[in-house]
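The following exercises are to be worked with the sequence and the structure in view. Each task is followed by a solution in steps.

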There are 2 protein chains.
Amino acid sequence: MSEEVKLKEQVVEQPDSVTIPPPADDAPYHHIEPFLHLSEQPLFGANKVLLILNQRIDIDLISLCKKCDIIVCADGGANQLYDYFPDEQSRIRYLPCYIVGDFDSLRPQVKSYYESRGCIIIPQSTQYSNDFMKCIYCIQLHYELKNTHWHEMIDTVNGLAELWESIPHSNHEVKLYVLNAIGGRFDQSIQSINQLYILNQSYPNLSLFFITAYDVIFLLKKGENYVTYESRSVFCKEGIPSCGLLPMGDKCVVLNTFGLKYDVREWTSQMLGKVSSSNSISGEDGFIVNCSDDIVMNIEITK
Amino acid sequence: MSEEVKLKEQVVEQPDSVTIPPPADDAPYHHIEPFLHLSEQPLFGANKVLLILNQRIDIDLISLCKKCDIIVCADGGANQLYDYFPDEQSRIRYLPCYIVGDFDSLRPQVKSYYESRGCIIIPQSTQYSNDFMKCIYCIQLHYELKNTHWHEMIDTVNGLAELWESIPHSNHEVKLYVLNAIGGRFDQSIQSINQLYILNQSYPNLSLFFITAYDVIFLLKKGENYVTYESRSVFCKEGIPSCGLLPMGDKCVVLNTFGLKYDVREWTSQMLGKVSSSNSISGEDGFIVNCSDDIVMNIEITK
């Protein structure tokens with residue numbers, strides 16, 4: 001066969017259950033573990049942060065809190081954390097480490113409750129970045145300047161960004177579980193996705209997972225991605241879990257997948273064209289996606 | 001000043017309240033009325049359809065039902081309509097005209113309930129289009145073949161699409177209010193947006209409005225868009241309503257706006273770049289958006 005034969009764009013239907021071997025060792029790949037926060041096993045090593053944005057919390061918060069080292073609330077996200085708990089006894093067990101934002105939503109009573117219990121309150125009035133980005137700076141500073149009193153000298157306009165830009169970065173790996181980034185007002189959801197792409201370019205040390213009541217949403221990175229989990233039962237009660245590959249960046253994305261129900265080969269995906277939605281996960285403990293550019297993935301959570 | 005001076009990209013902050021005159025009569029524009037379904041006044045003339053997809057209903061359904069001529073349910077959307085009502089007395093007042101889909105979600109009891117009350121059940125087993133698209137064909141056929149018994153001869157695999165493609169189209173104008181297209185599993189939300197763009201190209205006679213508990217989402221079309229409403233109080237309880245302009249197609253979009261809080265001039269918007277989110281509506285009874293290509297808009301609803 002001529003080497004010039006163009007690889008054919010196609011869809012291959014797989015059985016409901018397949019086992020995909022890991023990528024060959026000799027080529028670099030991105031290893032992504034989107035369900036560590038649901039695993040029964042303790043999460044050693046990685047830095048893990050729960051970031052709560054302002055919207056009603058409709059997931060099992062407590063098991064997520066237990067998996068994370070610190071909780072950070074963006075402005076009115078603190079109201080949501082406060083309101084989630086029915087009583088003081090449970091509320092005081094899950095205190096945020098930081099509350100950050102312009103505080104146009106934070107209720108005064110919630111602010112003083114958490115302040116009096118030692119939470120660090122960081123007002124940032126600038127309108128040139130949103131509360132989500134302000135929290136990203138705070139989280140990066142937390143790991144970079146650990147065991148210093150860095151937060152005591154923060155300017156209240158845009159001090160977090162200014163301090164972050166003035167220090168050298170050692171790029172600590174952080175797994176960041178974000179609640180309420182997706183599913184509320186649609187412009188906020190899409191801005192979250194925009195920032196998912198942009199943050200990956202600026203800070204690839206951050207692994208973001210947007211958690212909703214329906215799914216987990218994260219970025220697959222240009223190149224080879226090996227997505228793994230102990231078993232599908234970690235995130236799926238019964239049947240096979242749904243998923244999507246969503247080309248929401250500024251380019252079309254050529255995809256090759258191994259371990260989805262409808263695997264694709266040399267498949268060009270783009271908005272206004274073909275988008276793989278309502279696909280599902282066949283891989284028992286993982287699957288592989290090769291993509292010509294960053295692409296958003298979501299996987300259904302049913303437990 | 002030289003005619004060659006490039007128009008400058010900029011953001012202009014407006015007062016919270018402005019009145020924008022309509023576009024000049026001599027140039028064509030798209031007139032969009034996204035809040036007719038919330039207006040106190042009756043909606044004469046236009047064909048109005050409520051399409052319910054499968055997800056829990058979290059808005060005031062009854063006032064929306066009253067504004068629409070017919071209700072169409074996509075598969076398990078009928079379960080949601082059924083479950084919305086606490087008793088038979090209210091349930092029987094809002095019956096769907098059609099239930100369409102592959103029926104992998106429709107509960108048998110719900111199917112027989114609605115069937116016995118005269119609703120038209122149209123099974124369509126093809127997996128080459130989703131339940132949303134099957135309903136679009138059904139709605140188009142409803143207006144095209146009114147007062148015939150067209151639905152009695154539909155093939156159960158892909159008959160709706162086949163019938164639609166076999167007849168001439170007179171392109172009836174239809175306002176389509178869609179529930180549960182956005183806000184559930186993220187791949188389904190993004191596929192809905194993809195179809196919003198694609199349907200506008202194929203069937204510009206359909207005006208789609210995705211309704212959520214937070215906002216209404218619709219397409220602004222390439223060219224001049226004049227978006228009007230009786231007053232902001234129709235959709236906003238207090239303060240000024242938030243909005244976003246979301247370039248989710250396959251191109252960047254150059255924007256000029258008149259009547260937003262942060263109006264933009266010659267502003268190039270694109271994913272991975274600048275996206276106007278958390279903007280708001282200053283126009284008392286309307287605003288204008290000129291765009292170099294189709295773009296998604298959302299406007300917050302707080303009443």
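**Exercise 1.** In this predicted model, determine whether K261(B) is buried or exposed, and describe the salt bridge that K261(B) forms with E13(B).

*Solution.* Step 1. The relative accessibility of K261(B) is 11%. Since buried means under 20%, K261(B) counts as buried.

Step 2. The partner, E13(B), has a relative accessibility of 54% and counts as exposed.

Step 3. The two side chains meet in a salt bridge, with 3.8 Å from N to O.

Step 4. K261(B) lies in the loop between β12 (253-258) and β13 (262-265) of chain B, while E13(B) belongs to strand β1 of chain B, so the salt bridge ties together parts that are 248 residues apart in sequence.

**Exercise 2.** State which parts of chain B are tied together by the pair E9(B) and K274(B), and how accessible each residue is.

*Solution.* Step 1. A salt bridge joins the side chains of E9(B) and K274(B), at 1.8 Å from N to O.

Step 2. E9(B) is in the segment before β1 (10-13) of chain B, and K274(B) is in the loop between β14 (267-269) and β15 (276-280) of chain B; the pair therefore links parts 265 residues apart in sequence.

Step 3. E9(B) is partly exposed, at 35% relative accessible area; K274(B) is also partly exposed, at 33%.

**Exercise 3.** Determine whether the partners in the salt bridge between D187(A) and R185(A) are buried or exposed.

*Solution.* Step 1. The side chains of D187(A) and R185(A) meet at 2.8 Å, N to O.

Step 2. D187(A) has a relative accessible area of 0% and is buried. R185(A), at 10%, counts as buried as well.

**Exercise 4.** Characterise the interface between chain B and chain A by its contacts, its buried area and the elements involved.

*Solution.* Step 1. In chain B, 35 residues are in contact with 35 residues of chain A.

Step 2. The two chains bury about 3100 Å² between them, and 62% of this lies on carbon and sulfur atoms. On the chain B side, R185(B), F186(B) and L272(B) lose the most area to chain A, together 25% of what that side buries.

Step 3. Between the chains there are zero salt bridges, but 18 residue pairs are in polar contact.

Step 4. Elements giving two or more residues to this side of chain B include α7 (186-202), β9 (215-220) and β17 (295-300). The most comes from α7(B), with ten residues.

Step 5. By type, the residues on this side of chain B are 15 nonpolar, 15 polar and five charged.

Notes
Residues numbered from 1 in each chain as written. Chains lettered and ligands numbered in written order. Predicted model: local features only at pLDDT ≥ 70, side-chain atom pairs only at ≥ 80, totals over all residues. Heavy atoms only, no water. Salt bridge = Lys/Arg side-chain N within 4 Å of Asp/Glu carboxyl O. Buried < 20%, exposed > 50% of the residue type's maximum accessible area, 1.4 Å probe, protein only. Helix = DSSP H or I, 4+ residues; strand = E, 2+ residues; numbered from the N terminus. Contact = heavy atoms within 4.5 Å. Buried area = accessible area lost by both parts, 1.4 Å probe. Polar contact = N/O pair within 3.5 Å; in protein donor to acceptor, adjacent residues only side chain to side chain. Nonpolar A, V, L, I, M, F, W, Y, C, P; charged D, E, K, R; others polar.
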